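Dear colleague,

I am handing over a structure for you to look through. Please open it first and then read the notes underneath.

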Amino acid sequence: MVSVVGTGGQHANRLGAEPRAGKFIADIFINGSGTGGILAGKGFFDPFPPVLILPENRDQSVWFGKKHLYADPTPPLFNMEWTVTSTIALYNTKRHKPGELKTIKDLLNPKRRGKMVVFDPMSRGQLGTWKGIYYNKSLGPEFIQRLFREMDVTVGRDIRLMIDWIAKGSYELYIGARNAEVQTAKKQRLPVDVYRAPKTEGHLSGGEGSTSR
């Protein structure tokens with residue numbers, strides 16, 4: 001297999017340019033549902049189930065919810081994996097104690113105003129996190145509105161920079177950190193960890209597990 005690694009935007013540009021040049025090079029596309037959903041809406045993909053070969057993959061009764069799940073209703077965007085997400089925020093272990101934040105609602109504490117950085121919620125890779133909050137009955141759109149209106153959060157897109165801000169103590173919390181980023185930072189021995197929300201505030205995310213052909 002020849003694998004091409006890149007961001008969602010890079011993949012979208014490449015997959016969009018190849019057909020216009022009369023080329024169809026990519027066979028399988030694995031990415032987040034945001035990028036995949038945009039391309040699916042433009043008719044880039046073929047139905048995915050026909051390429052499922054193994055009996056346990058075709059048998060929907062052994063899948064979560066006893067059915068195949070799709071990130072797009074037209075179903076070419078097949079979700080091959082799901083992740084339970086419950087991260088509240090990344091924090092500096094030298095400045096804060098484990099368990100200091102017990103719920104996502106704690107982010108609205110006035111003492112944290114101006115001390116938090118958040119990954120741009122309009123970025124495709126962050127849609128799952130904010131959709132999970134939006135549709136949670138205990139949080140909902142009101143929580144999102146209050147967070148951005150009242151808490152003076154700094155919005156960024158440079159992952160390494162935001163983790164560095166937390167490690168150096170420039171900000172107290174980084175909202176939107178992904179597990180892979182956290183594990184990488186820990187391997188680099190940076191003084192960071194994450195606060196976890198209770199199960200009632202968690203949500204299922206397809207993450208990078210959306211697959212199309």
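The notes below cover the nonpolar cores, one helix and a surface patch.

This is a predicted model, in which local features need pLDDT of at least 70 and side-chain atom pairs count only at pLDDT 80 or more, while totals for chains, interfaces and linings use all residues. Residues are numbered from 1 along each chain as its sequence is written, and side-chain values use heavy atoms, with hydrogens and water left out.

The largest nonpolar core (buried Ala, Val, Leu, Ile, Met, Phe, Trp, Tyr and Cys residues joined through side-chain atoms within 4.5 Å) has 21 residues, of which Leu107, Phe143 and Leu147 touch the most other members. Buried here means under 20% relative accessible area, exposed over 50% and partly exposed in between, with a 1.4 Å probe and protein chains only. Apart from this core lies another of 14 residues, including Ile166 and Val182.

Val182 is also one of the buried residues of helix H7 (residues 179-187), together with Glu181 and Ala185; helices are DSSP runs of H or I with at least four residues, and strands are runs of E with at least two, numbered from the N terminus. These three cover an arc of only 100° around the axis, taken from the directions from the helix axis to the C-beta atoms, which puts them on the same side of H7. The face turned away from that buried side carries the exposed residues Ala180 and Lys187. After H7 comes Arg189, whose phi is positive, near 65°.

Finally, Ile28, in the loop between helix H1 (8-20) and strand S1 (29-31), is partly exposed, with a relative accessible area of 45%.

Best regards
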